[in-house]
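Here is a short briefing to read alongside the model. Have the viewer open as you go through the points below.

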Amino acid sequence: MNNYNPVPVPFDWPAMAPMIAVFLTGVVAMVVEMLSPRRTNNLIVGVCLVGLGFAASLVVRIWDHSANSLGGLFTDDRFGHIMQLAIIGIAFLTVLYSEGYLRERRLPFGEYYPLVLWSALGAMIMSTSRDLLIIFLGLEVLSIALYVLSGLSSREKKSQESALKYFLLGAFATGFLLYGISFVYGATGSTNISSISALVSMGKDVNPTNIKLLYAGLGLILVGFGFKTALVPFHMWTPDVYQGAPTSVTGFMAACVKVGAFAALARFLYGAADLRDVWLPILMVLAALTMTVGNLIALVQKDAKRILGYSSIAHAGYVLVALAAYGALQGTAGAIGYNTLAYYLLSYAAMTVGAFAVLSLSARNGQEGTLLEDFHGMYRRAPFLAAAMIIFMASLAGIPLTAGFLGKLLIFKDALSAGMVWLAIVLAVNSVISAFYYLRIVVAISVQKPELREPQFGKVNAGLVATCAVSAVIVLGMFFGYQPLVAWIGL
């Protein structure tokens, strides 16, 4: 009789502590929601902010720590730490300004806050995992909470439509991702990215059938990630969902999903570096299409949330250029680090959350107007928020003295270093195109047309002001403090 002596799997408590803290904070917030009076959610907000702050401190404590946990299912490295801090920051700022917006929209649901935290937890899992199945689980944790949040305004047809569309297309994308993972497992016998990379690099997959399975799996996984990150041609759900979902949810979705999904995609693609001859040309074409389609369609939009929705599609293309440049140079003498990708995702998160926070001011007495004319006169009603919005639009457009400008410049430089001259030119042209529709938003908040009715805005609360102030400081500080920031990131 054989004795089964399983090898104990190491559990790195410091590495897992930030995710555990976010999860438990969500649980505590849900308990508070059940026990506290329904008149106010201030206690739940306070619990969430304290818990997220504690989780961020746990990430900082392990800043120089690097190890694998749970048998290599999770990796504890600097890139993961940065992405986790970005995700926690996105959730923190979202919670900070959401209560005032939800009250104006008459959506005083306390369960909103645990769902935001658990969605952030899913993104944190994705950004630190080295196993395809764990990445899938993180993606589902992220997505399921967002499906509910998208339909939070259940009395409005557009919110119902956005939630249903997001759910159906999200499930569709999940099918592609799972099929891709199963093909990769069939070809390599593993779902661990490190193991897959080792098997491919050692040349063990000489069987033509295995090679075909691996290529098919790679393609299906890219399709799955393409839906989640809104890459062309898998982007069609994005503007409708962004427009129909509550504005605070849209801002969180636009930033958090991008950070978590692109971090996971980066780990997967760099683990499949020996197959770059297959996926690199695909990535370059997708990047060019995504940038161009997103920017051109945004030019003709009249709804501010749809404009930012197509803007997020274009920015997904910019991030793909950074991924492609890193992949092309990986393992060569001119190899570049994660610095550009991390810097751009951090800056994009700050300016996106800030922009949607300003848009939330249009909510009043249960109604919300998101057409451009609904923001006329904001400079009089809320001059500070209008000024912050100009900063965010300038950064999204890539205007100098902002983090968005420096991020695009770094991506442009990396693309040239990788020999992708045509892709760098496409990026530059698209940056110029995008300035036109960002300028339309700036004009909308900076003018008052007497022939239009006086637009109505909600109350300017401390949480909204703090969110915009912090986001603006990050956007400007990341430009002027670039050198110390990169030294601190250390990728």
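Is Phe480 buried or exposed? Phe480 has a relative accessibility of 60%, and because exposed means over 50%, Phe480 counts as exposed. Keep in mind that this is a predicted model. The points below cover its aromatic pairs, its cavities and one arginine.

**Aromatic pairs**

- The structure has 14 aromatic pairs.
- In one of them, Tyr166 and Trp237, the ring centres are 5.1 Å apart and the planes meet at 20 degrees, so the pair is stacked; the cut-off for stacking is planes under 30 degrees apart.
- This pair joins distant parts of the chain, with Tyr166 in helix α6 (residues 157-188) and Trp237 in helix α9 (residues 237-244), 71 residues apart.
- Both partners are on the buried side of the 20% cut-off: Tyr166 has a relative accessible area of 4%, and Trp237 has a relative accessibility of 5%.
- Phe479 and Phe480 make an edge-to-face pair, with 5.0 Å from centre to centre and 85 degrees between the planes.
- Tyr166 and Trp237 also belong to one aromatic cluster together with Tyr147 and Phe167.

**Cavities**

- If you are looking for internal space, the structure holds eight cavities of 30 Å³ or more.
- The largest cavity has a volume of about 120 Å³.
- Its lining is made up of 14 residues, and Ile196, Leu214, Phe268, Ala272 and Leu275 are the ones nearest the centre.
- Three helices, α7 (193-201), α8 (208-229) and α10 (247-271), each contribute at least two residues to the lining of the largest cavity.
- Helix α7 gives the largest share of that lining, with four residues.
- Sorted by class, the lining of the largest cavity comprises ten nonpolar, three polar and one charged residues.

**Arg267 and its surroundings**

- Arg267 is found in helix α10, one of the helices that help to line the largest cavity.
- With a relative accessible area of 2%, Arg267 is buried.
- A polar atom of the Arg267 side chain lies 2.8 Å from the backbone oxygen of Ser127.
- Beyond its neighbours within four places in sequence, Arg267 is in contact with Thr75, Asp77, Phe79 and Gly80, with Ser127, Thr128, Ser129 and Arg130, and with Ile193.
- Ser127 therefore appears twice in this picture, as the residue whose backbone oxygen lies 2.8 Å from that side-chain atom and as a contact of Arg267, a residue that is buried at 2% relative accessible area.

How values were computed:
Residues numbered from 1 in each chain as written. Predicted model: local features only at pLDDT ≥ 70, side-chain atom pairs only at ≥ 80, totals over all residues. Heavy atoms only, no water. 1 Å grid on protein atoms, 1.4 Å probe; cavity = no way out; pocket = protein on both sides within 12 Å on 5 of 7 lines; lining within 4 Å. Points joined across faces, edges and corners; volume = space filled by probe spheres on them. Nonpolar A, V, L, I, M, F, W, Y, C, P; charged D, E, K, R; others polar. Phe/Tyr/Trp six-rings, centres within 6.5 Å; stacked < 30°, edge-to-face > 60°. Buried < 20%, exposed > 50% of the residue type's maximum accessible area, 1.4 Å probe, protein only. Polar contact = N/O pair within 3.5 Å; in protein donor to acceptor, adjacent residues only side chain to side chain. Contact = heavy atoms within 4.5 Å.
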